[in-house]
Amino acid sequence: MNINIKISVNSDNNSLKEYIKTKVKRLEKHYNHIKKFHIVLKIENKYQHKAEAEIYILENKNKLIANSISKNMYSSIDTLIDKLDKQIIKFKEKSQNYNI
């Protein structure tokens, strides 16, 4: 999987990148056909940290999008991954139903 991370936050970028990579591995456990993962982290204002992500599945034919805003960047990432995890499980169930 190709992971693209864009961070416009004045913090320890390496620790954020490693945190994201460990979280993305959880998504791969549910569905291993993810081709590309693109995430953007930014601060909207000093009280809101925003995480946005796009996942491209099956060679860019399908795209899942999620975003999250919270007071902490790590909690934004956690919420974002939880949302994407639910979307992936739902997508996987739908694709299995169509293949029957």
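## Warm-up at N32

N32 is exposed, its relative accessible area coming to 61%. Keep in mind that this is a predicted model. Now for some exercises.

**Exercise 1. Find where N32 sits, and work out why it gets the label "exposed".**

Solution. Start with the address: N32 belongs to the loop between α1 and β2. Next, take its relative accessible area, 61%. The cut-off for "exposed" is over 50%, so N32 with its 61% qualifies. To finish, a distance across the chain: N32 and K90 are 58 residues apart in sequence, and their C-alpha atoms are separated by 14 Å.

**Exercise 2. Check the length of α1 against what its residue count predicts.**

Solution. Step one: α1 has 18 residues, and at 1.5 Å a residue they should span 26 Å. The expected span uses one less than the number of residues. Step two: compare with the model, where the end C-alpha atoms of α1 are 27 Å apart, which agrees.

**Exercise 3. Sort residues of α1 into buried and exposed, and say how the buried ones are arranged around the axis.**

Solution. First, the buried set: L16, I20, V24 and L27. Looking down the axis of α1, the buried residues fall within an arc of 65°, so they line one face of the helix. The general rule helps here: an α-helix has 3.6 residues a turn, so residues three or four places apart point the same way. Then flip to the other side of α1, where N14, K25 and K29 are exposed.

**Exercise 4. Classify K21 as buried, exposed or partly exposed, and list its contacts beyond four places in sequence.**

Solution. K21 lies in helix α1. Its relative accessible area is 35%; the middle class runs between 20% and 50%, so K21 is partly exposed. Leaving out neighbours within four places in sequence, K21 is in contact with I3 and I5. For I3, the C-alpha separation from K21 is 8.0 Å, with the two positions 18 residues apart along the chain counted as their spacing.

**Exercise 5. Lay out the sheet: strand order, pairing sense and edges.**

Solution. Write down the order: four strands make an open sheet, β1-β2-β3-β4, with mixed pairing. The edges are β1 and β4; each has a single partner strand, so one side of each is left without a neighbour in the sheet. From one strand to the next, the twist averages 10°.

Now go pair by pair:

- β1 with β2: parallel, over seven bridges; I5 has I39 in β2 as its bridge partner.
- β2 with β3: antiparallel, over ten bridges; L41 stands opposite A51 in β3. These two strands form a hairpin with two residues between them.
- β3 with β4: antiparallel, with nine bridges; I57 has N62 in β4 as its bridge partner.

Last, put the helix on: α1 lies across β1, β2 and β3, and runs at about 140° to β1.

**Exercise 6. Which residues have the most contacts inside the largest nonpolar core, and which element gives the largest share of it?**

Solution. The largest nonpolar core has 24 residues, and those with the most contacts inside it are I20, L27, F37, I39, L41, I55 and L84. Elements giving two or more residues to this core are β1, α1, β2, β3, β4 and α2. The largest share, seven residues, comes from α2. Cross-check with Exercise 3: I20 and L27 were among the buried residues of α1.

Methods. Residues numbered from 1 in each chain as written. Predicted model: local features only at pLDDT ≥ 70, side-chain atom pairs only at ≥ 80, totals over all residues. Heavy atoms only, no water. Core = buried A, V, L, I, M, F, W, Y, C linked by side-chain atoms within 4.5 Å. Buried < 20%, exposed > 50% of the residue type's maximum accessible area, 1.4 Å probe, protein only. Arc of directions from axis to C-beta. Pairing = 2+ DSSP bridges. Axes fitted to C-alpha atoms, helices over the stretch in contact; angles between N-to-C directions. Contact = heavy atoms within 4.5 Å.
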